[in-house]
Amino acid sequence: MNSQLKKGLIEYCVLAALSHQDSYGYEIVKQISHQIDITESTLYPILKRLETSQRVTTYSKIHNGRLRKYYHLTDVGFESIQQFLEDWAQVEAIQQYIKGSVENAAS
């Protein structure tokens, strides 16, 4: 998969994971890794971008004696997911056009 496309899809996978409940880095990786390959080293810059764009906020909580950073989906983040889903319909239409063109050229 193209790296730019993958990067964008990972962002929306992260937002989708947070739509269910607040979570922390390792747990987010576990939640979405069955959909798309991701490591914690890939995740944290994405989370920072999402925080900078106000699509997520953070807070810290002590868990087993350690401070853990949690991520929370904001209204802006939820709206971002909604916009992605609307835009994806256009992506599917373009994909069908490309696929049809290639199939016609091959025959």
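Is tyrosine 24 buried or exposed? In this predicted model, tyrosine 24 has a relative accessible area of 18% and is therefore buried, since the limit for that class is under 20%.

Tyrosine 24 belongs to one of the 4 aromatic pairs that a search of the whole structure finds. Its partner is tyrosine 70; the ring centres are 5.7 Å apart and the planes stand at 75 degrees, so the arrangement is edge-to-face. This pair links distant parts of the chain, 46 residues apart: tyrosine 24 lies in the loop between helix H1 (3–20) and helix H2 (25–32), and tyrosine 70 in strand E2 (residues 66–73). Tyrosine 70 is likewise buried, at a relative accessible area of 10%.

Each of these two rings also has a charged residue over it. Arginine 68 lies over the face of tyrosine 24, at 3.7 Å from the ring centre, while the charged end of lysine 61 sits over the ring of tyrosine 70, 5.1 Å from its centre.

A further aromatic group involves helix H4 (residues 75–106), where phenylalanine 84 and tryptophan 88 lie 4 residues apart, about one turn of the helix. Their rings form a tilted pair, 5.5 Å centre to centre with 35 degrees between the planes. Tryptophan 88 is partly exposed, with a relative accessible area of 30%. Tyr12 joins Phe84 and Trp88 in one aromatic cluster.

Tyr12 is also among the residues touched by arginine 55, including Glu11, Leu50, His72 and Ser80. Arginine 55 lies in the loop between helix H3 (40–52) and strand E1 (56–63) and counts as buried at 13% relative accessibility. Its side chain makes a polar contact of 2.9 Å with that of serine 53.

Technical notes: Residues numbered from 1 in each chain as written. Predicted model: local features only at pLDDT ≥ 70, side-chain atom pairs only at ≥ 80, totals over all residues. Heavy atoms only, no water. Buried < 20%, exposed > 50% of the residue type's maximum accessible area, 1.4 Å probe, protein only. Polar contact = N/O pair within 3.5 Å; in protein donor to acceptor, adjacent residues only side chain to side chain. Contact = heavy atoms within 4.5 Å. Phe/Tyr/Trp six-rings, centres within 6.5 Å; stacked < 30°, edge-to-face > 60°. Lys NZ or Arg CZ within 6 Å of the ring centre and 35° of its normal. Lists of a residue's contacts leave out its neighbours within four places in sequence.
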